[in-house]
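Me: I would like to learn how to read a protein model step by step, from single residues to helices and pockets. Could you take me through one, giving the general idea before each case?

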Amino acid sequence: MTPEKSLSKQKPLDKIDQNILKILQEDGRVSNVKLAQIINLSPTPCLERVKRLEKEGYIKGYVALLDSDLLGAALVSFIEVSLARTTTKALDTFRTEIWKMEEVQECHMVAGGFDYLIKVRTRDMAHYRKFLGEKLSSLSDISSTHTYVVMEEVKVTSAIAIPNT
């Protein structure tokens, strides 16, 4: 959903919309016929609702969730990044460069004792060290980084809690 969209201009989510969103988060490949059966609607109105939810921005897209171990990206690290300067140019440059780094899975600007929190997936510690030394550390304006290596992924989900209306 774009920032310009106002939630007040959108049709409120009813129980059926909420159920559609919950089911699609669990299985984005569910057929419209099966989805319609689960939520007790006929296929045409079900498809119309899904299309409306897509158009209104509730559904941004569909993805496949991949196995990081099988793809050689099993090591997860979180990196706190502090910038030497937080000028508009420095922030823009940092954002642009982070988007180019395939190891970076998430990057969030945060309030607090540092500027960004980055989630990185690498093959192993040697790959991480190479990423840190050759990619991240080469960015201008980074004053410090602190890394936290994940020992166990306790909960990993892409699902968003759907508020009940």
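**Reading the model step by step**

Reply: Let us begin with one residue and what lies around it: leaving out residues up to four places away in sequence, S77 touches I118, K119, V120, Y128, T147, Y148 and V149. Please keep in mind throughout that this is a predicted model.

Me: Where does S77 sit, and is S77 buried or exposed?

Reply: S77 belongs to strand β1. Its relative accessible area is 1%, and because a residue counts as buried under 20%, S77 is buried.

Me: How should I read the buried residues of a helix, taking α3 as the case, and which residues are they?

Reply: The general idea is that an α-helix has 3.6 residues a turn, so residues three or four places apart point the same way. In helix α3, which runs over residues 43-55, there are 13 residues, and the distance from the first C-alpha to the last is 18 Å, close to the 18 Å expected at 1.5 Å a residue. The buried residues of α3 are C46, R49, V50, R52 and L53. Seen down the axis of α3, these buried residues fall within an arc of 160°, so they line one face of the helix.

Me: What does the face of α3 turned away from the buried side carry, and what do the buried residues pack against?

Reply: The face turned away from the buried side of α3 carries the exposed residues T44, E48 and K55. The buried residues of α3, for their part, pack against α1 (15-26) and α2 (32-39).

Me: Which residues of α2 are buried?

Reply: In α2 the buried residues are L35, A36 and I39. They cover an arc of only 100° around the axis, which puts them on the same side of α2. The packing partners of these buried residues are α1 and α3.

Me: What can I learn from the backbone angle phi just after a helix, for example after α2 or after α3?

Reply: Here it helps to look at the sign of phi and at the kind of residue together. Just after α2, N40 takes a positive phi of about 60°, although N40 is not a glycine. N40 is placed in the loop between α2 and α3, and with a relative accessibility of 69% it counts as exposed. α3, in turn, is followed by G57, whose phi is positive, near 95°.

Me: Where does D141 lie, and what is its phi?

Reply: D141 lies in the loop between α5 (125-135) and β4 (142-149). Its phi is near 75°, a positive value in a residue other than glycine. D141 has a relative accessible area of 16% and is therefore buried, whereas N40 counts as exposed.

Me: How do I read distance along the chain against distance in space, with L132 as the case?

Reply: The two are read side by side. L132, which lies in helix α5, is 13 residues from T145 along the chain, and their C-alpha atoms are separated by 9.3 Å. Leaving aside neighbours within four places in sequence, L132 is in contact with S137 and T145.

Me: How is empty space in a model found, and what is the volume of the largest pocket?

Reply: Rolling a probe the size of a water molecule over the atoms shows where empty space is left. In this model the largest pocket has a volume of about 1800 Å³. It is lined by 43 residues, of which V63, L65, T157, S158 and A159 lie nearest its centre. The elements that give two or more residues to this lining are α1, β1 (75-83), β2 (104-109) and β3 (116-122). By class, the lining has 23 nonpolar, 9 polar and 11 charged residues.

Me: Where is L65 found, and how far apart are L65 and T157?

Reply: L65 is found in the loop between α3 and β1, and at 70% relative accessibility it counts as exposed. L65 and T157 are 92 residues apart in sequence but 9.9 Å apart in space, C-alpha to C-alpha.

Me: Which element gives the largest share of the lining of the second largest pocket?

Reply: The largest share, 6 residues, comes from β2, while α4 (88-99) and β2 each supply at least two. The second largest pocket holds about 290 Å³ of space, and its lining residues include R95, W99, H108 and Y116. By class, this lining has 7 nonpolar, 2 polar and 2 charged residues.

Terms used:
Residues numbered from 1 in each chain as written. Predicted model: local features only at pLDDT ≥ 70, side-chain atom pairs only at ≥ 80, totals over all residues. Heavy atoms only, no water. Helix = DSSP H or I, 4+ residues; strand = E, 2+ residues; numbered from the N terminus. Expected span 1.5 Å × (residues − 1). Buried < 20%, exposed > 50% of the residue type's maximum accessible area, 1.4 Å probe, protein only. Arc of directions from axis to C-beta. Contact = heavy atoms within 4.5 Å. 1 Å grid on protein atoms, 1.4 Å probe; cavity = no way out; pocket = protein on both sides within 12 Å on 5 of 7 lines; lining within 4 Å. Points joined across faces, edges and corners; volume = space filled by probe spheres on them. Nonpolar A, V, L, I, M, F, W, Y, C, P; charged D, E, K, R; others polar.
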